[in-house]
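User: I'm new to this one and would like a walk through it. Could you take my questions one at a time?

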Amino acid sequence: MPDTVSPDARSTRDRILDAANQLFYDQGIRAVSVDQIAERAGLTKRSLYYHFRSKDDLIAGYLQARDQPNLALFARWFQTAPGTPADKTATLFDRLARNAAHPQWKGCGFLRTIAELANMPGHPAVAVGAAHKKKFESWLAVEYARAGASDPAALARAVALLMEGTFSALLTHRDPAYARAAGAAARQLVTAALA
């Protein structure tokens with residue numbers, strides 16, 4: 001029998017994930033209880049546990065729900081930016097700087113979750129977060145291969161490292177100058193790699 005979910009069940013699951021996304025991103029995963037998420041979703045805790053076996057399962061679901069939208073956002077920023085692949089890469093950092101200036105920005109939800117679970121490397125959400133970061137890096141490698149980079153994987157890894165450092169610096173300092181500096185460094189790397 002195929003694994004299907006009725007529209008009503010999907011709607012309930014989406015409400016739970018929306019509530020988890022709001023609360024986990026705003027307050028952190030350890031600070032938020034399952035009771036708070038159920039209340040925000042307008043459900044009983046029992047209904048929540050019908051859709052997610054545990055809080056750990058819900059945390060992994062929260063990151064899975066963020067995966068494709070975040071990757072699509074970066075791809076849209078890159079594709080719509082004018083100029084060379086180096087210019088487009090720098091735009092990723094510029095756009096991140098603009099987002100980070102918003103008062104509700106609290107950093108990368110994937111990195112924050114992984115940091116909160118640092119003592120639990122086998123946690124399913126850590127695997128989801130790590131997979132997301134690898135997808136970002138792989139996507140960059142494809143873009144750099146299309147542009148003619150001789151070693152697109154190494155270039156993508158270097159830019160991904162700059163991006164991770166940028167997330168950290170923005171969360172620490174709240175100063176967009178860090179993102180602009182990382183963007184300038186990324187532009188130089190990509191320009192040199194494509195020369």
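**A first walk through the model**

Analyst: Let's start with one residue: leaving aside neighbours within four places in sequence, glutamate 143 touches Phe78 and Gln79. Keep in mind that this is a predicted model.

User: Is glutamate 143 buried or exposed?

Analyst: Glutamate 143 is part of helix H7. Its relative accessible area is 10%, and the cut-off for buried is under 20%. So glutamate 143 counts as buried.

User: Which side chain does the side chain of glutamate 143 make a polar contact with?

Analyst: A polar contact needs a pair of N or O atoms within 3.5 Å. The side chain of glutamate 143 has such a contact at 3.2 Å, and the partner is the side chain of arginine 146.

User: Let's zoom out. How many helices does the protein have?

Analyst: Reading along the sequence gives the pattern α-α-α-α-α-α-α-α-α. There are zero strands, and the number of helices is nine.

User: And what does the C-alpha trace span along its principal axes?

Analyst: The protein has 195 residues, and buried ones make up 42% of them. Among contacts with a separation of 6 or more, 65% are between residues 24 or more positions apart. Along the principal axes, the C-alpha trace spans about 60 × 45 × 30 Å.

User: How many aromatic pairs does a search of the whole structure find?

Analyst: Rings count as a pair if their centres lie within 6.5 Å. Searching the whole structure with that rule, the total is five.

User: Why is the pair of phenylalanine 74 and tryptophan 77 called edge-to-face?

Analyst: The ring centres of phenylalanine 74 and tryptophan 77 are 5.2 Å apart. Both residues sit in helix H4 (residues 55-80), three residues apart, which is about one turn of the helix, and both are buried. Planes over 60 degrees apart count as edge-to-face, so the angle that settles it for this pair is 75°.

User: How many residues apart in sequence are the parts tied together by phenylalanine 78 and tryptophan 139?

Analyst: Phenylalanine 78 and tryptophan 139 form an edge-to-face pair, 5.5 Å centre to centre with 80° between the planes. Both of these residues, phenylalanine 78 and tryptophan 139, are buried. Phenylalanine 78 belongs to helix H4 and tryptophan 139 to helix H7 (residues 124-146), so the parts they tie together are 61 residues apart.

User: Which residues do ring pairs link into a cluster?

Analyst: We have already met phenylalanine 74 with tryptophan 77, and phenylalanine 78 with tryptophan 139. Ring pairs join these residues and one further phenylalanine into a cluster, whose members are Phe74, Trp77, Phe78, Phe136 and Trp139.

User: Which residue's charged end sits over the ring of tyrosine 25?

Analyst: For a charge to count as over a ring, NZ of Lys or CZ of Arg has to be within 6 Å of the ring centre. The charged end of lysine 88 sits over the ring of phenylalanine 78, 5.9 Å from its centre. Over the ring of tyrosine 25, at 5.3 Å from its centre, sits the charged end of arginine 112.

User: At roughly what angle do the axes of H6 and H7 cross?

Analyst: H6 passes H7 in a left-handed crossing. Residues making the contact include Phe110 and Leu111 of H6, and Val126 and Gly129 of H7. The two axes come within 9 Å of each other, and they cross at roughly 145°.

User: Which residues does methionine 120 touch, not counting those up to four places away in sequence?

Analyst: Methionine 120 is in the loop between helix H6 (109-116) and H7. With 31% relative accessibility, methionine 120 counts as partly exposed. Setting aside residues up to four places away in sequence, the ones methionine 120 touches are Arg30 and Val126.

User: Last one: what is the phi of arginine 174 near?

Analyst: Arginine 174 lies in the loop between helix H8 (152-173) and helix H9 (177-194). Its relative accessible area is 45%, so arginine 174 is partly exposed. Its phi is positive, in a residue other than glycine, with a value near 55°.

Note on methods:
Residues are numbered from 1 along each chain as its sequence is written. This is a predicted model: local features need pLDDT of at least 70, side-chain atom pairs count only at pLDDT 80 or more; totals for chains, interfaces and linings use all residues. Side-chain values use heavy atoms; hydrogens and water are left out. Rings of Phe, Tyr and Trp (its six-membered ring) pair if their centres lie within 6.5 Å; planes under 30 degrees apart count as stacked, over 60 as edge-to-face and the rest as tilted. Helices (H or I, at least four residues) and strands (E, at least two) are DSSP runs, numbered from the N terminus. Buried means under 20% relative accessible area, exposed over 50%, partly exposed in between (1.4 Å probe, protein chains only). A charge sits over a ring if NZ of Lys or CZ of Arg is within 6 Å of the ring centre and within 35 degrees of the ring normal. Contact means heavy atoms within 4.5 Å. A polar contact is a pair of N or O atoms within 3.5 Å; within protein, one must be able to donate a hydrogen and the other to accept it, and residues adjacent in sequence count only if both atoms are side-chain atoms. Axes are lines fitted to C-alpha atoms, for helices over the stretch in contact, and angles run from 0 to 180 degrees between N-to-C directions. A crossing is left-handed if the near helix is turned anticlockwise from the far one by less than a right angle, and right-handed if clockwise.
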